[in-house]
Amino acid sequence: MARLIDTVKESESIYMPLPARITAVSKLTELENLYTIKLPYGIRLRHEPGQFVQVSVFGVGEAPISITSSPSRSFDSFELCVRRVGDLTNVIHSLKPGDMLGIRGPFGRGFPVDRFRGKDILLCAGGLGMAPLRSLIDEILDERGNYGRVIILYGAHSPAEMLFRDELHEWDKRGDVELHLTVDVPTRGWERTVGVITTLFSDIVVLPRNTVSVVVGPPVMYPFVIKDLLQIGIPKGNIWMSFERRMKCGVGKCGHCQLNHLYTCQAGPAFSFAEIEWVEEALK
Ligand SMILES: Cc1cc2nc3c(=O)[nH]c(=O)nc-3n(C[C@H](O)[C@H](O)[C@H](O)COP(=O)(O)OP(=O)(O)OC[C@H]3O[C@@H](n4cnc5c(N)ncnc54)[C@H](O)[C@@H]3O)c2cc1C
């Protein structure tokens, strides 16, 4: 059969979800599941690390979810990490392999990987922020020779709430990744740092002018992490963040995700600090 369309963007309407099949589900933590999703007709998502899709269940609703698999590993399918928080995400958690979801996107501006090549990369993830960062991390690791040091700082509430624990273990074993972990509430056997993510800055020394930092986590984390990164001397244009606002349409029309004049669904969710520092609401 002739292929009808090649990418989601070529679909008839930006508002029309494509029917996509869940091909695998795995439990990451008590609240988060990982979903492998396949689009119809062999259509490929063709995303950038940091972009998101709008995920829908007919009759329930639609929500923005970051693409957690890297473009370098998403050929005939892609992955989403979904935290169970409300109506839609609870229904998604009841779905099984073979069930269908609606997918629109990919939307937004991801991280400008081309500008990161040749630099040391300092990645700071808080909680669910590891979901979009994993896409970037795997992209970097799949062309590891193009980057300098790769330093990952990851903070979670407790060890059991850390996402992608098998992968953390793999990254930790690699000689070319520096992984630093912290939790707020340790449990028996935890031998790493205890404290908020900024506690980890005392463990690392970087060459600030040659370092790009990417920060993704809950809003409360940003002002503290940004302050420390600036103090270390990382240039404002080398500090990248992801701003999760209430994206609805995903295409800069409805205004739900507006920060001053910026539509975060289109101009972001990835922004450099240099681009966003003057936007009053951004870091609140
Ligand atoms: C760009 C972007 C990327 C995201 N990536 C992911 C991801 O990778 N994985 C994931 O699990 N979630 C992600 N989210 C958050 C996700 O969109 C919300 O958790 C989801 O919309 C909740 O839908 P619901 O119907 O289950 O909850 P609702 O019943 O609508 O709400 C339940 C609770 O979640 C809160 N909530 C609703 N919408 C949002 C939102 N947009 N951001 C934060 N809190 C919200 C509500 O205030 C309420 O407290 C992302 C959000 C954005 C904007």
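**View 1. R149 and the contacts it makes.** In this predicted model, R149 touches D120 and E178, once neighbours within four places in sequence are left aside. R149 itself sits in the loop that links α3 (130-141) to β8 (150-156). Is R149 buried, exposed or partly exposed? With 16 other C-beta atoms within 10 Å, R149 falls into the partly exposed class, because a buried residue would need 20 or more such atoms and an exposed one 12 or fewer. For orientation, L230 makes a handy reference point: R149 and L230 lie 81 residues apart in sequence, and their C-alpha atoms are 19 Å apart in space.

**View 2. The seven-stranded open sheet.** Follow the strands across this sheet and you will read β10-β9-β8-β7-β11-β12-β15, with mixed pairing. The edges belong to β10 (193-194) and β15 (270-272); each has a single partner strand, so one side of each is left without a neighbour in the sheet. Look next at β8 and β9 (residues 178-183), a parallel pair held over six bridges. Within this pair, Y154 stands opposite L181 of β9.

**View 3. Helix α3 over its strands.** Here α3 lies across four strands, namely β7 (120-126), β8, β11 (211-216) and β12 (239-242). Relative to β7, the helix runs at about 155°. The loop holding R149 can be found between this helix and β8.

**View 4. The six-stranded open sheet.** A second open sheet comes into view here, with its six strands in the order β4-β3-β6-β1-β2-β5 and antiparallel pairing. Which strands stand at the edges? They are β4 and β5, each with a single partner strand, so one side of each has no neighbour in the sheet. From one strand to the next, the twist averages 40°. A good place to pause is the antiparallel pair β3 and β6, joined by four bridges. F52 faces a phenylalanine there, standing opposite F107 in β6.

**View 5. Where the two domains meet.** According to the domain assignment, the protein chain divides into domain 1 (8-107) and domain 2 (113-276). Their centres, taken over C-alpha atoms, are separated by 22 Å. Across the boundary, 22 residues of domain 1 are in contact with 21 residues of domain 2. On the domain 1 side, β3 (52-57), β4 (61-66), β5 (78-83) and β6 (100-107) each give two or more residues. The largest share comes from β6, with three residues. Sorted by class, this side of domain 1 has nine nonpolar, nine polar and four charged residues.

**View 6. The shell around the ligand.** Now zoom in on the ligand, which 21 residues surround. Which of them are the closest? Those are A63, R83, G86, L88 and T89. At least two residues of the shell come from each of β4, β5 and α1 (87-94), and β4 gives the most, with five. Both domains take part: domain 1 and domain 2 each supply at least three residues to the shell. By class, the shell has 12 nonpolar, four polar and five charged residues. As you compare views, keep an eye on β4 and β5, which also stand at the edges of the six-stranded sheet and give residues to the side of domain 1 that touches domain 2.

Note on methods:
Residues numbered from 1 in each chain as written. Predicted model: local features only at pLDDT ≥ 70, side-chain atom pairs only at ≥ 80, totals over all residues. Domains from an automatic or database assignment. Contact = placed C-beta atoms within 7 Å. Nonpolar A, V, L, I, M, F, W, Y, C, P; charged D, E, K, R; others polar. Near = placed C-beta within 6 Å. Pairing = 2+ DSSP bridges. Axes fitted to C-alpha atoms, helices over the stretch in contact; angles between N-to-C directions.
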